[in-house]
Structure formats: C-alpha cells, structure tokens
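Me: I would like to go through this structure with some short questions. Please give the reasoning before each result.

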Amino acid sequence: MVSTTPRYSVFLSYNRGDGKAAQRIQRWLEAYRLPRRLQGGGPAFAEDGRRLRPVFRDIDEMRAAPDIDEAVDQAIGACAYLVVLCSPAAAKSDWVAREIAMFCARHGDDRILPLLLTGTPATAFLPELLHRGDGRPLMPLAADIPGEGERLALLKLVAVMADVSLGVLVQRDAQRRMQRLALAAAAAVAVMAVVAALMLQTANARVAAEQQRVRAGALSNYMLDDLRGQLKRAGRLDLLTAVKQGVAASWRGQDLSGLSDADLQQRAKLLLAIAEDDESRGDLAAARAQAAEALRTTAQLIAKAPDDPSRIFAHAQSQYFVGMISWHGGDRAQAGRAFAAYRDLAARLLAIDRRKPEWWMEAGYADSNLGVLALRARLDAAAAQGHFLSALKAFSAADALRPGNRDTLFSLADTEAWLADTQRMAGAPAQALAARARQKAILDHLAATDPQDRQVTADLVSYELALARIAIEAGRPEAALPLLASGRGKAQALAANDPQNVRRKAHVRMFDLMRLKALLAMPAARRRDDPALAALNGDCEADLNRLKNDELANFCRILAARRGAAAMPTLAAGGDLLTDQWGLDLAAERKLGGLTEERAR
C-alpha cells in the first residue's frame, strides 16, 4: 500500500534518451497548482490540496551509483505514483522495466501512469504496462502527448492523481489561465490612466469615445497576449485580485457603443473569469456585479447580429453565470429567470443548426439546471421531472450526432440519476428504479470502455446508495440492508485506496447513517440492539470537525434524536430545501422522528 504521507508525488521513469522531456515534465508537474475549487484529495498532493509533492526524477548520475538498487527502491517506496515516459527507446530499456517491477512489488500496478512521448502503445509500451504479473491483461490509463498535446496529456495525469473529472479539470484550468491574464492590468491600467488623464484635457466627445475603444482593446489584448508568460510565473494572488477588481470597476457602466466586436468578446470573457474567481473566494456580491456586466456586454454583441451563433452562445454563458451566482447568493427567483433565458438562447441555437451536438448539449444543460433548481429550491417534483425529461431528449440527440462521447454519456447518466431522485420523492419507486437502471447501463458501458475511470467507479457506488434510499422510502427497509452492505464495502475500498481523500470517507459514513435510517424504519422487534445502533450513529461532531461536512453532521444529529439519544436539532433557516451533496430533505427527516416511533409501536 502507498504510504499515507509519501515524500514524492511521482517517480519519473524514462530512458536516458528522453532526458530533456523528463526535465520539462518534472518542472511542469512541480509548478502546477490545481484550480481552487478542485482540491486534490489523494496522496500525491501536499497538505494544501492544490500542489503536488515533489517529483523524483531518476537521473543518469544516480544510475551509476554502486548501491543503485537500494537507492531506487527507497525512492520508489516514498512515491505515490509511477509515471513511465513511453517511447520506442524506453520500450527496450531494461532499467525502465526494472523500475516498473520494483514499483509493482511496493505498491501494485494500479498507480502506474504511462505517458506516451513518441510512437504508439504498440511500439512504446513495455510488456509490463500491458499485462499483470499473473498474465492477466492490464488496461492502463495512458496520456498521449502526440495525440492530445502535452498540456492536455499532463492534465490527464493530474486528474487521475487528484481524483477529479478530466473534463472539469480542463475547464477550470482554462478558466484560471484566462483569469491570470488579468494581472496585466497592474501595468496596463496605470499606463492607460495616465494617458487618459492627459488626453481628456483636450479631447472632444468623438475623440474620447475612440480613445475608450482603443484603450479597452489595447488593455484586453495586453492582458491576453503580451504578459501571458509573466502571469504564469506570478504567484501574487493578492495583486491579481486587486487588479481584477480595479479593471472590473473601471469597466462597470462603460459606454459599449464605441467598442469593436473583438473588444466586446474579450471584455465578456474576462468579466466572467473575474466573476468565477470572486465566487470561489466567497465574494458573491462582486461576482454578481461582474456577471451582470458580462451580460450587458454580450447583450450589446447579440444586438448587433441577433442570428450569429457565436454571439448567442456567448450570451447564453453570461445568463448561466448570472443564474448560478444568483442561486448561490440566495436569489432563486433571479436564478430561475436567468436559467430560463439560457434555455431560450439554446433553443435559438438549435433553430439555426439542429445538426450541431454542442447546441443540443447547451439545451440539455439549461433544462437540467432548471430541474435541479426546481427540485432543490422548491421541492417541485412535477416541474423538475419535466425539465429532466427534456434534458434527456437533448442529451440523447447529442449522443445520436456524436456517438460515444464521454461528456454526453456522463450527462445522460447524471440526468437519469436526477430524474430517479425526483420520482423517488414523488412517491413513484417503480419509475425511479427504471431511471436508475438506465443510469447503470450507461455507467457499465463507460466502465467497460475505461475500467480505471474512478469517477465511474464512484458513481456506481453512489448508485447502490440510491437504490437503498428508494427501498427505504418505499417502505421496504429490509431490502435496503444488503444494498447498503455491498455499497459500503465498495466505498470503503475506494477510501482505503485514497486515505487522504475526505470525500471518500464521507461517502462511507453516509452508508452507515443510511443503514441506521433503514433500521429505525423497521419495527422495534426486528431492529438490532441499541449498542449496535449507537455504533452506526457514531460521533456527529466528528463528522463536522474531521470530515468537514455539516450535511452529514445534521443528518447524524437527527438520527440520534430519533433514537432518543439527543434532542432534535434546530436547522438553520434559509438555503435550499435539499442538501447539496446527497439531496437530503432534512426538514422532512426531522418530522419522521415522531412517525418512526408510531410505526415501532
């Protein structure tokens, strides 16, 4: 097993002919930081959850040492992952083969990550990367620099080590790269402010308007191009925030009529990047102001060319951000209006070109957002079901145009899960089970395509928890118990494989609490004894302090009250009616306390 506190994130194994590539990859991995909202929970990451631990590169000089085997073995033992740089030369290297064997002896073969530098898997992979020690086939997740490009291939490695979705990581990484460009304003704003002050003394209205257009365009271009390399190396997040706020303030209320289309497009992108960063820092007021300004900017663009798909798409993204930030800020009415506008814009894209799968995906996302809002914020199961069914039609249309796309399949599976939860809450367990069956069929297909996809594995574990909840709420708690036992074992295996991942531990804990709920729903004569129930209930304060999960803690306290071991807790007012992670209706759970006692008697 991998140590819970490895010294190194990665042992880099390579042929000496690939030494320059190894140096470059080592520098990239050690410099990379996860976007703030994607903390890594695995052993490869340092305590801050964003930075990989140092990378061990097996340098040529070390290979000449007299005690090389012992030194390499110790280094491998201190690493969380083995990254093998694959090339035709590496495929012939006895030394690379030895390092793979040493890593397998220490850690097994599920943390070996091939990175294809040149050639193909057939010419660049050692046999040890394709077969387990007992001869069974091994299907390693391979990052492919020739086919994917170096940055995407390296992000693929990071996604595995961080246990996050590759699609989400790529999206957040791209957004962060755009956000970092805002540092250019530190220089640009100062220069432009001086220039503007001098020119405004003599400029007439026409000249001033032209200056505004040139200044905005120059600033955006400067932020997007000239200082890009400097921004990558800059670590001054405090300066970045201050500069972005200054830029956003200077743009707010700006006359947009004199700006070119290119300037407006760049302005909208930067404002949305600033909005997301503000939201991630918890400054929802600032985020909402930036999103509103981005919406005003894309409205100007679409007014000039109402049938331009790229402008409709840009305006749809602005509406999405306004909706999501409004929702997080508690303004659910505004969120609903923005999501509905997003859906209408997606419909306009489809009216222009129904053969484009990306437009069907936008329509699916829009209806899915409206469905989740209806369910979580209002418990409106009828409205939610309508939106989820519409989203499924849209995602299915995208899948027909682009068969096998993983993002589309994940969206279909996720929407089936939401539909099943809606039907469960509406008292339609048979329909909920049918939706879950369709979800599982999609997940099984994804798992067969890529057996090492951890997101699929985790979703399959969540599927068993969902089936148990359907059984409990349908009045069949006995049927839930074997599902909960099976799912907990799988959740425990995932947690054991990533001992620093708090989310995995929280999932195990939810299986225990849901088992307790099932037992409490049974007649007293058929329950387990009180000490066993108390053990399942566990320490509610530890859920809050150790697992950092108030959703678990509140559910735990409610179950303790049902057992008569504590007073029924008071829930905080406001917020959505369902919890974020597991969609618990805690208010309804509190009311079940009295009903449970009646049934027990």
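Me: In which helix does Leu-166 lie?
Reply: The model is a predicted one. Leu-166 belongs to the run of residues 166–180. That run is helix 9.

Me: Is Leu-166 buried, partly exposed or exposed?
Reply: The relative accessible area of Leu-166 is 31%. Buried means under 20% and exposed means over 50%, with partly exposed in between. Leu-166 is therefore partly exposed.

Me: Which residues form a nonpolar patch on the surface, and what is their accessible area together?
Reply: Leu-166 is one of the residues in this patch. The others are Leu-152 and Val-170. Together, Leu-152, Leu-166 and Val-170 have an accessible area of about 180 Å².

Me: How many helices and strands are there in the chain?
Reply: The chain has 601 residues, and buried residues make up 50% of them. Its secondary structure includes five strands. The helices number 28.

Me: What share of the contacts with a separation of 6 or more comes from residues 24 or more positions apart?
Reply: A contact here means heavy atoms within 4.5 Å. Among contacts in the chain with a separation of 6 or more, those between residues 24 or more positions apart account for 70%.

Me: What does helix 15 reach from its first C-alpha to its last?
Reply: Helix 15 covers residues 284–304, which is 21 residues. At 1.5 Å a residue, 30 Å is expected. The model comes close to this, with a reach of 31 Å.

Me: Which residues of helix 15 are buried?
Reply: An α-helix has 3.6 residues a turn, so residues three or four places apart point the same way. The buried residues of helix 15 include Ala-287, Gln-290, Ala-291 and Ala-294. The rest of the list is Ala-286, Glu-293, Thr-297, Thr-298, Leu-301 and Ile-302.

Me: What covers the buried residues of helix 17?
Reply: Helix 17 (residues 332–352) has 21 residues and reaches 30 Å. Its buried residues include Phe-339, Tyr-342, Leu-345 and Leu-349. What covers the buried residues of helix 17 includes helix 15, helix 16 and helix 18.

Me: How many salt bridges does a search of the whole structure find?
Reply: Side chains of opposite charge can pair when their charged atoms come close. A salt bridge needs a side-chain nitrogen of Lys or Arg within 4 Å of a carboxyl oxygen of Asp or Glu. The search of the whole structure finds 27.

Me: How many residues apart in sequence are the parts that Asp-261 and Arg-311 tie together?
Reply: The side chains of Asp-261 and Arg-311 meet in a salt bridge at 2.5 Å, N to O. Asp-261 lies in helix 14 and Arg-311 in helix 16, so the pair ties together parts whose separation in sequence is 50 residues.

Me: Which of these counts as buried, Asp-261 or Arg-311?
Reply: Asp-261 has a relative accessible area of 26%, so it is partly exposed. Arg-311 has 9% relative accessibility. The buried partner is therefore Arg-311.

Me: Where does Asp-453 lie?
Reply: Arg-406 and Asp-453 meet in a salt bridge at 2.4 Å, N to O. The pair links distant parts of the chain, 47 residues apart, with Arg-406 in helix 20. Asp-453 lies in the loop between helix 21 and helix 22.

Me: With which residue does Arg-562 form a salt bridge?
Reply: The closest N and O atoms of the pair are 2.3 Å apart. Arg-562 is in helix 27 and its partner is in helix 28, 27 residues apart. Both residues are buried. The partner is Glu-589.

Me: What separates the C-alpha atoms of Leu-481 and Arg-515?
Reply: Leu-481 is in helix 23 and touches Arg-515, Ala-518, Leu-519 and Met-522, among residues over four places away in sequence. Leu-481 and Arg-515 are 34 residues apart along the chain. Their C-alpha atoms are separated by 6.5 Å.

Me: With which side chain does the side chain of Arg-436 make a polar contact?
Reply: Arg-436 is found in helix 21 and counts as buried at 5% relative accessibility. Residues that Arg-436 touches include Asp-421, Tyr-463 and Ile-470. The polar contact, at 2.9 Å, is with the side chain of Gln-439.

Key: Residues are numbered from 1 along each chain as its sequence is written. This is a predicted model: local features need pLDDT of at least 70, side-chain atom pairs count only at pLDDT 80 or more; totals for chains, interfaces and linings use all residues. Side-chain values use heavy atoms; hydrogens and water are left out. Patches are made of residues with over 30% relative accessible area and no salt bridge: like charges are joined within 9 Å, nonpolar side chains (Val, Leu, Ile, Met, Phe, Trp, Tyr) within 5 Å. Accessible areas come from the Shrake-Rupley method with a 1.4 Å probe; for residues, only the protein chains shown count as cover. Helices (H or I, at least four residues) and strands (E, at least two) are DSSP runs, numbered from the N terminus. Buried means under 20% relative accessible area, exposed over 50%, partly exposed in between (1.4 Å probe, protein chains only). The expected span of a helix is 1.5 Å times one less than its number of residues. A polar contact is a pair of N or O atoms within 3.5 Å; within protein, one must be able to donate a hydrogen and the other to accept it, and residues adjacent in sequence count only if both atoms are side-chain atoms.
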